[in-house]
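Me: Please take a close look at the charged side-chain pairs here. Then tell me what surrounds that topic, with the cut-offs behind each term.

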Amino acid sequence: MSDVLISTKALSKHYTIGKGLFGANSRVVRAVDGVDLEIQARETFALVGESGCGKTTLGRTLLRLIERTSGEVLYRGEPLGALDEKAMRAMRKKLQIVFQDPFASLNPRMRVKDILAEPLRAHGYGSEAEIEKRCKELLDMVGLLPHLLRRYPHQFSGGQRQRIGIARALANSPEFVVCDEAVSALDVSIQAQVLNLLRDLQEQLKLTYLFITHDLSVVRQFADRIGVMFLGRLVEVGTTEEIFASPRHPYTMFLISAVPRPDPHQRNRERPMLVGDIPSPMNLPPGCRFHTRCPYAQAICKQEDPLLTDRSGRAVACHFPLEAT
Ligand code: SF4
């Protein structure tokens, strides 16, 4: 049964840059451009795509860390845009983020205790003794010992710092966590440990994740569903199994074919050759945004923008989707 936690309707975030006299030299960057998305409660939805495709902007617009240009974000059917500042502050307890860089995201001048206590105090968690107890609980949840509360971020390894970042995100018992390239800065062995931790915490705390990454190999064992983004749009959405077994959008096929494969019999799968350069997000081509690179482009692709259409449970934005295998 469908249990949608967070969804978007025609969500867009555009930036105007280079304002000249009367806006003469201004240009619009369509970082997120009309995205419809539904994330089910307790699922891990991975948002993948190359750098600059708009996935981080989409994640932050979902949390209202960035205000949208148009469209809507709904949390359990309630439009976040309609909430006033006070109501949004209360809602923030449910919506959290883990950032990519554990070095930059923790204040180097604060002890771990204060890093974890900050969001608790901001939401009036309780007395200082209760806050201290909660901070110890949080460290325990992410596999760190309570005496480490007195230390500073520089006294930890990269993986431990990311555990602290996760503990901070969980301080106020959120329901929805955006993990923005949360393991990208870590070594492969540490990545696996942090992914296992995130999976255990999801089970234990009934969390829903939006997992943003440029690296498809990371999400193969981790995500329930995948959304592929290209230049501000979702071009394919499906279960992880379906997307890896049978990508239907040419861009998804290109991304999948770049993922290293453990099975030597499958290593020779042909990688589609992309032609041309990625179009500028300030000067998008007419029709399908991918047509300047797509080896399967036809005349209609240069004129008509394909909609994200449900094709037997798989949503694909392409006039000529690849055959399901
Ligand atoms: Fe390629 Fe045309 Fe499909 Fe775009 S619509 S991905 S150009 S085949």
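Reply: Asp 3 and Arg 76 make a salt bridge, with 3.4 Å between their closest N and O atoms. The term stands for a side-chain nitrogen of Lys or Arg within 4 Å of a carboxyl oxygen of Asp or Glu. This pair links distant parts of the chain, 73 residues apart: Asp 3 is in the segment before β1, and Arg 76 is in the loop between β4 (70-75) and β5 (78-79). Helices and strands are DSSP runs numbered from the N terminus (H or I over at least four residues for a helix, E over at least two for a strand).

The model is a predicted one, in which local features need pLDDT of at least 70 and side-chain atom pairs count only at pLDDT 80 or more, while totals for chains, interfaces and linings use all residues. Residues are numbered from 1 along each chain as its sequence is written, and side-chain values use heavy atoms, with hydrogens and water left out.

How covered are the two partners? Relative accessible area is sorted into three classes: buried is under 20%, exposed is over 50%, and partly exposed lies in between, using a 1.4 Å probe and protein chains only. Asp 3 has 37% relative accessibility, so this residue counts as partly exposed. Arg 76 is in the partly exposed class too, because its relative accessible area is 45%.

Arg 76 also meets a second acid: its side chain forms a salt bridge with Glu 175, at 3.7 Å from N to O. Again the pair links distant parts of the chain, since Arg 76 sits in the loop between β4 and β5 and Glu 175 in the loop between α5 (158-170) and β7 (176-180), 99 residues apart. Glu 175 counts as partly exposed because its relative accessible area is 27%. A C-alpha distance helps to place this acid: Glu 175 and Leu 74 are 101 residues apart along the chain, and their C-alpha atoms are separated by 14 Å.

By the salt-bridge rule, the count comes to 19. One of them is within a helix, where the side chains of Lys 136 and Glu 132 meet at 3.6 Å, N to O. Why are these two separated by about one helical turn? They are four residues apart in helix α4 (residues 128-141), which means a spacing of about one turn. Lys 136 is partly exposed, with 38% relative accessible area, whereas Glu 132, at 19%, counts as buried. Elsewhere, salt bridges that share partners join Arg 30, Asp 33, Arg 233, Arg 289 and Asp 305 into one network.

A charge can also be placed against a ring. Lys 13 lies over the face of Tyr 15, 5.1 Å from the ring centre; the rule asks for NZ of Lys or CZ of Arg within 6 Å of the ring centre and within 35 degrees of the ring normal. Tyr 15 belongs to a nonpolar surface patch with Ile 17 and Met 282, and together they have about 230 Å² of accessible area. Such areas come from the Shrake-Rupley method with a 1.4 Å probe, and for residues only the protein chains shown count as cover. A patch takes residues with over 30% relative accessible area and no salt bridge, joining like charges within 9 Å and nonpolar side chains (Val, Leu, Ile, Met, Phe, Trp, Tyr) within 5 Å. Ile 17 lies in strand β1 (residues 4-17) and is partly exposed at 37% relative accessibility.

Aromatic rings also pair with each other, and a search of the whole structure finds five such pairs. In one of them, the ring centres of Tyr 209 and Phe 222 are 6.2 Å apart and the planes stand at 25°, so the pair is stacked. Tyr 209 is in strand β8 (residues 208-213) and Phe 222 is in the loop between α7 (216-219) and β9 (225-230), 13 residues apart. The cut-offs are centres within 6.5 Å for Phe, Tyr and Trp (its six-membered ring), with planes under 30 degrees apart stacked, over 60 edge-to-face and the rest tilted. Tyr 209 is buried at 1% relative accessible area, and Phe 222 counts as buried at 6%. With Phe 211, these two form one aromatic cluster.
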